[in-house]
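Walk through this structure with me, from its aromatic rings to its charged pairs. Keep the 3D view open as you read.

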Amino acid sequence: MAPTKPYRDYLYVFMVVMHLTAMIGVDFVPFYPASLVEPPSSPFRLLVAYRNWYIRTMSDPYYGMDAPGHFFDFLVYIELVVQFPLALYMISGGLWETTLSGTVELAGALYGIVTGLCTALVCHDMWHLGPDTIDASAKQTLLYGAYLPFAIFPTLMSLDMCLRLMPRLRTAHKSKMQ
């Protein structure tokens, strides 16, 4: 009988897909060439509208900050260079499969650690933002609804992936020692 996929893996797929849509539709829009986002007939114009809607609706202070060198800008680059490729690899590399390969587990562990840590930094900063920067209700919605889940669940995913990797590593180490 074929092994069944753990239910938590479906949560991981959902979480990674949600994060990918946020990256593509909100975080990376400023990186797209003007020819793809500015003309009204451009293919990515919808992403600009979605990004503007998100910023306006959620009152997310990190997207309108006029503070060059602010840490959030750096986190977006980490997202682009580290998290985005790992998320794509995990989705295309078998997060859908019944059993995960060791490389997908390793990618999941790295993705979870980086995503959890970066989002925890945002949560910590947001916790300390005052009413002059963000409205109390918007702060509560963003902190507990948008950011905190992406600090907690990826961290738990990285722990799970590390626990899955450990038996593989022990087996590989034992076979090397023999």
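Rings of Phe, Tyr and Trp count as a pair if their centres lie within 6.5 Å. Planes over 60 degrees apart make the pair edge-to-face. Keep in mind that this is a predicted model.

Begin with the aromatic residues. The structure holds 10 aromatic pairs. One of them joins Phe28 and Phe31. Their centres are 6.4 Å apart, and the angle between the planes is 65°. That makes the pair edge-to-face. The two partners differ in burial. Phe28 is buried, at 4% relative accessibility. Phe31 is partly exposed, at 37%.

Now take Tyr62 and Tyr147. Their ring centres lie 6.3 Å apart and their planes meet at 85°, so this pair is edge-to-face too. Tyr62 sits in the loop between helix 3 and helix 4 (71-92), while Tyr147 belongs to helix 6, so the pair ties together parts 85 residues apart in sequence. Both tyrosines, Tyr62 and Tyr147, are buried. They also belong to a wider group. One aromatic cluster is formed by Tyr54, Tyr62, Tyr63, Phe71, Phe72 and Tyr147.

Tyr54 leads to helix 3, where it is one of the buried residues. Helix 3 covers residues 45-58, which makes 14 residues. From first C-alpha to last it reaches 20 Å, close to the 20 Å expected at 1.5 Å a residue. Which residues of helix 3 are buried? They are Val48, Arg51, Tyr54 and Met58. These residues cover an arc of only 130° around the axis, which puts them on the same side of helix 3. On the other side, Leu46 and Arg56 are exposed. What do the buried residues of helix 3 pack against? Their partners are helix 1, helix 2 (34-37) and helix 6 (136-147).

Look next at the ends of helix 3. Arg45 is in this helix and is partly exposed, at 36% relative accessibility. Leaving aside neighbours within four places in sequence, Arg45 is in contact with Leu36, Val37, Glu38, Pro39 and Pro40. Ala120 is elsewhere: its C-alpha atom is separated from that of Arg45 by 31 Å, with their positions 75 residues apart along the chain. After helix 3 comes Ser59, whose phi is positive, near 55°.

Turn to the charged residues. Side chains of opposite charge can pair when their charged atoms come close. How many salt bridges does a search of the whole structure find? The search finds four.

Asp160 forms one of them with Arg8, and the closest N and O atoms are 2.9 Å apart. This pair links distant parts of the chain, 152 residues apart. Asp160 lies in helix 7 (residues 149-177), and Arg8 in helix 1 (residues 7-27). Asp160 is buried, with a relative accessible area of 11%. Arg8 is partly exposed, at 39%.

Arg164 and Asp9 form another salt bridge, with the closest N and O atoms 2.5 Å apart. Arg164 lies in helix 7 and Asp9 in helix 1, so this pair ties together parts 155 residues apart in sequence. Are these two residues buried or exposed? Arg164 is buried, with a relative accessible area of 16%. Asp9 is buried as well, at 0% relative accessibility.

Helix 7 also takes part in a salt bridge between Glu105 and Arg168. Here the closest N and O atoms are 2.8 Å apart. Glu105 is in helix 5 (residues 102-128) and Arg168 in helix 7, 63 residues apart. Glu105 is buried, at 5% relative accessibility. Arg168 is partly exposed, with a relative accessible area of 38%. Salt bridges that share partners join Arg8, Asp9, Asp160 and Arg164 into one network.

Finish with the record. An unreviewed UniProt entry places the feature "transmembrane region" at residues 12-32, 74-96, 108-127 and 147-166. How do two of these spans look in the model? Residues 12-32 are 76% helix and 0% strand, with the end C-alpha atoms 27 Å apart. Residues 108-127 are 100% helix and 0% strand, and their end C-alpha atoms are 27 Å apart.

Methods
Residues numbered from 1 in each chain as written. Predicted model: local features only at pLDDT ≥ 70, side-chain atom pairs only at ≥ 80, totals over all residues. Heavy atoms only, no water. Salt bridge = Lys/Arg side-chain N within 4 Å of Asp/Glu carboxyl O. Helix = DSSP H or I, 4+ residues; strand = E, 2+ residues; numbered from the N terminus. Buried < 20%, exposed > 50% of the residue type's maximum accessible area, 1.4 Å probe, protein only. UniProt positions renumbered as here; feature names shortened; annotations may be inferred. Expected span 1.5 Å × (residues − 1). Arc of directions from axis to C-beta. Contact = heavy atoms within 4.5 Å. Phe/Tyr/Trp six-rings, centres within 6.5 Å; stacked < 30°, edge-to-face > 60°.
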